[in-house]
Amino acid sequence: MNGHPSPNAQLLLRDEPGNVIAHRGFRITTKKLPILKAEPIERMTSTLGIAPPEMIFGDNLASIEHVATGWSIDFTAFHALRRVDKTGTSMLQVAHSKEWQSTREKKHEGITEVVKPFDWSYSTDYKGTEQPIPPYLEPSDTPIPLELLKRPDPILFFDEVMLYEDEMADNGITALSCKVRVMHARLLLLCRFFMRLDGVMLRIRDTRVFVEFETGEVIREYTAREDSYEAVRQKLAMKGRDVPAQLRDPNGLVDLLPIVDKSLERVVLK
């Protein structure tokens, strides 16, 4: 059901190459386009001040909008990359990092003057981009009601949107993607940053946006997890799992990584 609604969806608007589903006062949009070409990559590099990931889907989008209030939250590659450390102080060091940097400078010939040391894992604490008008998400202690999400409710709409991915000069993988599923009574969007730097560490940063349609309640939960590569490898080995395969699967890794940061925010839209 990738990018397509069930017959029970109230309304689906085709906005090729994206999809828009309007349901109970909300508009949920996903847009998936090819990897950016050279010219927009150069513009993005100049604006951000860093070389972008190998695969940058700069036109892709996942968005939730409350029609009556105009409140919305968008997830895009550009705004996620704006949250990447550009000072170099958070740069993870491996044997090939200098070689990686030099290949990026050659790849984007003519704009090397803006390429400088930065976090080459593209780690981001991006939680989405709210429209700069009230109402706003505010700090809260109210968690996402997981029990409601465990119900076997029919899925009206599901889609997955890749924002960026990079193999870190064959040292691992770093990727940011969004998944959204819409049920009759509620929706859940997950924006996940996953990074595996072989021999060094693993990192998962999840932003979940939960909407209860009847009440207009929106909860955003951010959870950052990480651990050393060796610690995770040992945990997988002790469980008798296929270590190489599991190290490529963030769904199987997430519960093995300790939480290092967490926040909750909430707003009720009427």
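A search of the whole structure finds zero disulfides. I start there since two cysteines come up in that search, and I should say at once that this is a predicted model. The two are Cys-178 and Cys-191, and their sulfurs are 3.5 Å apart, too far for a bond. The cut-off for a disulfide is 2.5 Å between the sulfur atoms. For Cys-191, the nearest cysteine sulfur is that of Cys-178, and Cys-191 is in no disulfide. Are these two buried or exposed? Cys-178 is buried, at 2% relative accessibility, and Cys-191 is buried too, with a relative accessible area of 1%.

Now the confidence. The average pLDDT over the chain is 87, and 83% of the residues score at least 70. Two stretches need a caution. Residues 4–16 have a pLDDT below 50, although the model gives this stretch 28 contacts beyond near neighbours in sequence. Residues 106–116 also stay under 50, with 16 contacts beyond four places in sequence. Where pLDDT is low, the predicted coordinates should not be read in detail. I will leave both stretches there.

On to the overall make-up. The chain has 270 residues, of which 51% are buried. Its secondary structure comes to seven helices and 15 strands. Of the contacts with a separation of 6 or more, 66% are between residues 24 or more positions apart. One pair shows that kind of separation. Ala-68 and Leu-269 are 201 residues apart along the chain, and their C-alpha atoms are separated by 8.5 Å. Ala-68 sits in the loop between β6, residues 61–66, and β7, residues 72–75. Ala-68 is exposed, with a relative accessible area of 68%.

Next, the strands towards the end of the chain. β13, residues 201–212, runs antiparallel to β14, and twelve bridges join them. The two form a hairpin with four residues between the strands, and in that hairpin Gly-216 takes a positive phi near 75°. As a reference point in this pairing, Leu-202 stands opposite Asp-227 in β14.

β14, residues 217–228, is also joined to β15 by nine bridges, again antiparallel. Which residues of β15 stand opposite Ile-219 and Tyr-222? Ile-219 has Arg-266 opposite, and Tyr-222 has Ser-263. So β14 pairs with β13 and with β15. How many of the twelve residues in β14 are buried? Ten of them are, and the strand is mostly covered.

β15, residues 259–268, has a further antiparallel partner in β9, residues 138–139, through two bridges. There, Pro-139 has Glu-265 as its bridge partner in β15.

Now the packing. The largest nonpolar core has 45 residues, and Ile-64, Phe-75 and Tyr-164 have the most contacts inside it. Strand β12, residues 186–197, gives the most to this core, with six residues. Another core, of 13 residues, lies apart from it and includes Leu-202, Leu-236, Leu-256 and Leu-257. Leu-202 is the residue I named a moment ago, opposite Asp-227 in β14. As background, in soluble globular proteins nonpolar side chains tend to be buried together.

Last, helix α1. The helix covers residues 38–48, and its buried residues are Ile-41, Met-44, Thr-45 and Leu-48. Why do they line one face of the helix? Seen down the axis of α1, these buried residues fall within an arc of 100°, so they line one face. The general background is that an α-helix has 3.6 residues a turn, so residues three or four places apart point the same way. On the other side of α1, Glu-39 and Thr-47 are exposed.

What do the buried residues of α1 pack against? They pack against β5, residues 55–56, and α2, residues 77–81. Just after the helix, Gly-49 takes a positive phi of about 85°. Gly-49 follows α1, while Gly-216 belongs to the hairpin of β13 and β14.

To go back over the main points: no disulfide is found in the structure, β14 has antiparallel bridges to β13 and to β15, and α1 has its buried residues along one face. As for the low-confidence parts, residues 4–16 and residues 106–116 are the two stretches I would mark on the figure.

Technical notes
Residues numbered from 1 in each chain as written. Predicted model: local features only at pLDDT ≥ 70, side-chain atom pairs only at ≥ 80, totals over all residues. Heavy atoms only, no water. Pairing = 2+ DSSP bridges. Core = buried A, V, L, I, M, F, W, Y, C linked by side-chain atoms within 4.5 Å. Buried < 20%, exposed > 50% of the residue type's maximum accessible area, 1.4 Å probe, protein only. Arc of directions from axis to C-beta. Contact = heavy atoms within 4.5 Å. pLDDT = per-residue confidence, 0-100.
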